[in-house]
Each structure stands twice: as C-alpha cells, then as structure tokens.
Amino acid sequence: MTQGNTKLKSSDTGDKDHWTYDRFVEGSAIGSTLKQLDYNTIDRWNVIYDSGRFLDHMPRGLAQVIIMSAYTEVVQPRPPGNLHLGQNVEVYGIPKVGDQMSCKVFCIGKQKKKGKCLVTFQVDVGLVSTSVTLFKGQLTVLWAR
C-alpha cells in the first residue's frame, strides 16, 4: 500500500511538539493522506490469514488496517502512553488493486471521564477518482496528555 500525506488542516496552532488533548477541536478536520491498494499488501494479508488465493480487490479486514494507518500518519506526533480503547468500521464499498484512496481524519468528540481524557476520531476513506465513500472508521483513544 503506497501512501502520502496531503494537507494538514488543524484549526489549532498550539504545541507542535505533540498533539495534546486541549488542541483537539470537536468536529474539526485534522488532516488527510492518500493510500493506494497494491498487490503486495494483499499478498501479505493472504499469508497472515492463509487464504491461499489471489485477490484483485481488498479483503474486507484490510479496511481497519487502512484506517489505523491513516490515523497514525495524520495524527502525529502523538505523546507516549496513549491507549487505543475501541473501534468500529462501516464498509460501503471495496477498492481494487491500483485504486487511490483519500483518507480524511476528523476529531468527532472528546470528553474527560473520571479524570481520563478520551478522544474519538473518524477516518473517512473514499475513492479519489469518484469521491465515493468506501468505508468509515471510528476509534476511541485514551489520550495521555
């Protein structure tokens, strides 16, 4: 899977050493990146899951890999000590090998619960060629500071 960072669109110009809980603005776009599905990624997936078959389209489980890859690329640098608490993915379509995908990362919520800082992100993944949404993922992170 090839990748590339595009524009960073944070509405906060705070501490650039790392993202802090206070820098996140609910409902704001954080940034985006581009991903392209390739045969190597599918081959590695098939080895892990011993599917033994050749695919020219993305196995559904790779949606979470793309979402997490986009999140880790866009939301950086992150402070040490964050914990990934949960996730969900909604799949609407499946890309084929060679398809370029735009991955947009948003902060959709944040809250303090029992003194802990929780941040919820959404990653929207769509085809660059048609702007059709392929899948969306939400992940909740216990933010270290």
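**Cysteines, strand pairing and aromatic contacts in a predicted model**

Zero disulfides were counted in the protein chain. The structure is a predicted model. A disulfide is a covalent bond between the sulfur atoms of two cysteines. In the count used here, a pair of cysteine sulfur atoms had to lie within 2.5 Å. Cys103 is buried, its relative accessibility being 0%. Cys117 has a relative accessible area of 14%; because the limit for burial is under 20%, Cys117 is also assigned as buried.

The protein chain contains two helices and six strands. Read from the N terminus, the order of these elements is β-β-α-α-β-β-β-β. The chain has 145 residues, of which 41% are classed as buried. Its exposed surface amounts to about 7,900 Å², with carbon and sulfur atoms contributing 50% of that area. Where contacts in the chain join residues at least 6 apart in sequence, 68% of them are between residues at least 24 apart.

Strand pairing was examined for S2, S4 and S5. Strand S2 covers residues 28-36, and strand S4 covers residues 100-113. The two run antiparallel and are joined by eight bridges. Within this pairing, Val105 of S4 is found opposite Gly31. Strand S4 also pairs with S5, again in the antiparallel sense, and twelve bridges connect S4 and S5. Lys104 has Asp124 in S5 as its bridge partner. The connection between S4 and S5 is a hairpin with two residues between the strands. Lys114, located in the turn, adopts a positive phi of about 55 degrees.

Aromatic side chains were considered next. Six aromatic pairs were counted. In one of them, Phe24 and Phe121 meet edge-to-face, with 5.3 Å from centre to centre and 80 degrees between the planes. Phe24 belongs to the loop between strand S1 (2-8) and strand S2 (28-36), whereas Phe121 is part of strand S5 (residues 116-127). The pair therefore links distant parts of the chain, 97 residues apart. Both Phe24 and Phe121 are buried.

Phe121 also pairs with Tyr71: the ring centres are 5.1 Å apart and the planes are at 55 degrees, so this pair is classed as tilted. Tyr71 is located in helix H2 (residues 62-74) and Phe121 in strand S5, so parts of the chain 50 residues apart in sequence are tied together by the pair. Tyr71 has a relative accessible area of 5% and is buried. For Phe121 the relative accessibility is 0%, so this residue is assigned as buried as well. Through ring pairs, Trp19, Phe24, Tyr71, Phe121 and Trp143 are linked into a cluster.

Basic side chains were also found over aromatic rings. Arg23 is placed over the face of Trp19, 3.9 Å from the ring centre; Trp19 is one of the residues of the aromatic cluster. Lys110 is placed over the face of Tyr21, at 4.5 Å from the ring centre.

Definitions and conventions:
Residues numbered from 1 in each chain as written. Predicted model: local features only at pLDDT ≥ 70, side-chain atom pairs only at ≥ 80, totals over all residues. Heavy atoms only, no water. Helix = DSSP H or I, 4+ residues; strand = E, 2+ residues; numbered from the N terminus. Buried < 20%, exposed > 50% of the residue type's maximum accessible area, 1.4 Å probe, protein only. Contact = heavy atoms within 4.5 Å. Areas by Shrake-Rupley, 256 points an atom, 1.4 Å probe, with all protein chains shown as cover. Phe/Tyr/Trp six-rings, centres within 6.5 Å; stacked < 30°, edge-to-face > 60°. Lys NZ or Arg CZ within 6 Å of the ring centre and 35° of its normal. Pairing = 2+ DSSP bridges.
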